[in-house]
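Trainee: I am new to this structure and would like a close look at a single part of it. Please start from one residue and work outward.

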Amino acid sequence: MAEPRETTEGTGTPGGQAGVLPQMKVDTFPSQIFWLVVTFGLLFLVLKRKTLPMIEGAIGQRRGRIEGDLGAAENFRKDAQSALAAYEAALAQARTRAHQLADENRKSVVGEIDRLRAAADSEAQKAFGTAETRIAAERGKALAGVRTAAAEAAAQIVERLIGVSVSTEDAAKAVPPIEAKGG
């Protein structure tokens, strides 16, 4: 087996400085700084002219959309409040109207009841008057019948007691008049 050889000849860095990064070489600092400034300047110009306006536009659009949505939400809230107020006013008006209708119906029902009661009272008074008239007529008939019966009874009593026959008309003259007592 062959022994490994050390090969360090082709692995060195250019310029002969071994192990130093090219950015750290002091002799290239001015050109590195120049290109750094040029690159950042160009990057700044591109960002300032192209990218930042696009970002600001997107932020402005989003802000405008948010403000528009907030304005629309505020308008919807105001519309909802006015709709609620209109609903409450309509509800109060409907309640008032319902109370008025209930009062009107109550008054008309009470009026109808009073009218029917008055008609019933009138009918009852007429019936009561008719009944009193009929009762008075029946009482008069009954009293007349009692007087006639009393006269006949008196004639029979006289005939039995004293044996004299008396006519019913004469006996009726002797019977005192019967008066009807009220009540």
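Mentor: Start with Ile 55, which is partly exposed, with a relative accessible area of 42%. Keep in mind that this is a predicted model. Ile 55 sits in helix 1, which covers residues 29–162. Ile 55 also helps to make a nonpolar surface patch of about 620 Å², together with Leu 36, Phe 40, Leu 43, Leu 47, Leu 52 and Ile 59. Ile 55 can belong to such a patch because a patch residue needs over 30% relative accessible area, and Ile 55 has 42%.

One member of that patch, Leu 47, marks another feature. Helix 1 has a kink of about 40°, and the kink is centred on Leu 47. Even so, the 134 residues of helix 1 span 186 Å from the first C-alpha to the last, close to the 200 Å expected at 1.5 Å a residue. Just after helix 1 comes Gly 163, with a positive phi of about 80°.

Now follow helix 1 to its charged pairs. Five salt bridges are counted in total, and three of them are described here. Glu 74 and Arg 77 form one, with their closest N and O atoms 2.3 Å apart. A salt bridge requires the nitrogen and the carboxyl oxygen to be within 4 Å, so the 2.3 Å between Glu 74 and Arg 77 qualifies. The two residues are three apart in helix 1, which means that about one helical turn separates Glu 74 from Arg 77. An α-helix has 3.6 residues a turn, so residues three or four places apart point the same way. Neither partner is buried: Glu 74 is partly exposed at 30% relative accessible area, and Arg 77 is partly exposed at 40%.

The next pair is Glu 112 and Arg 115, whose side chains meet in a salt bridge at 2.4 Å, N to O. Both residues are in helix 1, three residues apart, or about one turn of the helix. Glu 112 is partly exposed, with a relative accessible area of 36%, and Arg 115 is partly exposed as well, at 48%.

The third pair is Lys 141 and Glu 138, with 3.8 Å between the closest N and O atoms of their salt bridge. This pair also lies in helix 1 with a spacing of three residues, about one turn. Glu 138 is partly exposed, at 46% relative accessible area. Lys 141, at 58% relative accessibility, counts as exposed. The two get separate labels because exposed means over 50%, and Lys 141 is at 58% while Glu 138 is at 46%.

Finally, set helix 1 against the protein chain. The chain has two helices and zero strands. Of its 183 residues, 2% count as buried. The accessible surface of the chain comes to about 16100 Å², and carbon and sulfur atoms hold 62% of that surface. Among contacts in the chain with a separation of 6 or more, 39% are between residues 24 or more positions apart. That brings the view back to Ile 55, a partly exposed residue in helix 1 and one of the residues of the nonpolar patch.

How values were computed: Residues are numbered from 1 along each chain as its sequence is written. This is a predicted model: local features need pLDDT of at least 70, side-chain atom pairs count only at pLDDT 80 or more; totals for chains, interfaces and linings use all residues. Side-chain values use heavy atoms; hydrogens and water are left out. Patches are made of residues with over 30% relative accessible area and no salt bridge: like charges are joined within 9 Å, nonpolar side chains (Val, Leu, Ile, Met, Phe, Trp, Tyr) within 5 Å. Accessible areas come from the Shrake-Rupley method with a 1.4 Å probe; for residues, only the protein chains shown count as cover. Helices (H or I, at least four residues) and strands (E, at least two) are DSSP runs, numbered from the N terminus. Buried means under 20% relative accessible area, exposed over 50%, partly exposed in between (1.4 Å probe, protein chains only). Contact means heavy atoms within 4.5 Å. The expected span of a helix is 1.5 Å times one less than its number of residues. The bend at a residue is the angle between axes fitted to the seven residues ending there and the seven starting there.
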